[in-house]
Amino acid sequence: VQLVESGGGLVQAGDSLRLSCSTSGGTYSSTAIGWFREAPGKDREFVASMRWNGGDKRYSDSVKGRFTISRETNTVYLQMNSLKPADMAVYYCAHRVGAPTRAASDYRYWGQGTQVTVSS
């Protein structure tokens with residue numbers, strides 16, 4: 001399974017961005033996609049996840065109500081609204097077989113990451 005993120009960039013606080021995760025090379029039934037982020041000096045943290053069929057969506061408390069995970073064909077999106085400086089990080093999408101979880105260690109395949117920078 002190959003994952004390629006795109007859509008990151010530099011925005012101001014309050015702006016929106018949509019990240020994309022293009023997937024290829026695998027079958028996707030009974031799988032899940034997660035979005036994680038890693039800020040300098042911090043551990044990789046869970047942002048959002050869902051089943052490949054779009055069900056069982058989960059969000060971290062810090063992004064709930066502002067971020068939305070979705071999928072169209074083989075691309076998974078993370079719509080990010082009302083961005084804050086605290087959201088600044090490298091964002092990764094990840095794939096696992098099974099139900100979505102919040103633990104990065106549960107995901108086998110990872111993209112290379114895309115940088116999101118939010119200025120105040």
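**Note on an all-strand chain**

1. Ser 30 is exposed, because its relative accessible area is 58%, where exposed means over 50%, buried means under 20% and partly exposed lies in between (1.4 Å probe, protein chains only). As for its setting, Ser 30 sits in the loop between E3 and E4, where strands, labelled E, are DSSP runs of at least two residues, helices (H or I) are runs of at least four, and numbering starts from the N terminus. With neighbours up to four places away in sequence left out, Ser 30 touches Val 97 and Gly 98, contact being defined as heavy atoms within 4.5 Å. The C-alpha atoms of Ser 30 and Arg 96 are 9.0 Å apart, although 66 residues separate the two along the chain.

2. Some words on the basis of this note are needed before going further. The model is a predicted one, in which local features need pLDDT of at least 70 and side-chain atom pairs count only at pLDDT 80 or more, whereas totals for chains, interfaces and linings use all residues. Residues are numbered from 1 along each chain as its sequence is written, and side-chain values use heavy atoms, with hydrogens and water left out.

3. The chain as a whole contains 0 helices and 11 strands. Its radius of gyration (taken over C-alpha atoms) is 13 Å, close to the 14 Å that the globule rule gives for 120 residues, so the chain is as compact as a globular protein of that length; the rule itself is 2.2 Å times the number of residues to the power 0.38. Along the principal axes, the C-alpha atoms fill a box of roughly 40 × 30 × 25 Å. Among contacts with a separation of 6 or more, 58% join residues that are 24 or more positions apart.

4. Turning to surface and charge, the accessible surface comes to about 5,900 Å², and carbon and sulfur atoms account for 45% of it, the areas being computed by the Shrake-Rupley method with a 1.4 Å probe. The chain carries 14 positive and 10 negative charges, whose mean positions lie 5 Å apart; here Lys and Arg count as positive and Asp and Glu as negative, while His and the chain ends are not counted. Each charge is placed at NZ of Lys, CZ of Arg, CG of Asp or CD of Glu.

5. What lies inside? Buried residues make up 42% of the 120 residues. The largest nonpolar core has 26 residues, and those touching the most other members are Trp 35, Val 47, Phe 67, Ile 69, Leu 78, Met 80 and Tyr 91; such a core is a set of buried Ala, Val, Leu, Ile, Met, Phe, Trp, Tyr and Cys residues joined through side-chain atoms within 4.5 Å. At least two residues of this core come from each of several strands, including E3 (17-24), E5 (45-51) and E9 (89-97). In soluble globular proteins, nonpolar side chains tend to be buried together.

6. Is Thr 31 buried or exposed? Thr 31 is buried, since its relative accessible area is 3%, and it lies in strand E4, which covers residues 31-38. Leaving aside neighbours within four places in sequence, its contacts are Arg 51, Trp 52, His 95, Arg 96, Val 97 and Gly 98. One of these partners, Arg 51, is in strand E5 and is partly exposed, at 32% relative accessible area. With the same kind of neighbours, within four places in sequence, left aside, Arg 51 is in contact with Thr 31, Ala 32, Asp 56, Ala 99 and Pro 100.

7. Two loop residues deserve a careful look at their backbone. Most residues other than glycine have a negative phi. Asp 56, although not a glycine, has a positive phi of about 55 degrees, and it is placed in the loop between E5 and strand E6 (58-59). Thr 73, also not a glycine, has a positive phi of about 45 degrees, and it is found in the loop between E7 and E8. Asp 56 counts as partly exposed, at 32% relative accessibility, whereas Thr 73 is exposed, with a relative accessible area of 63%.
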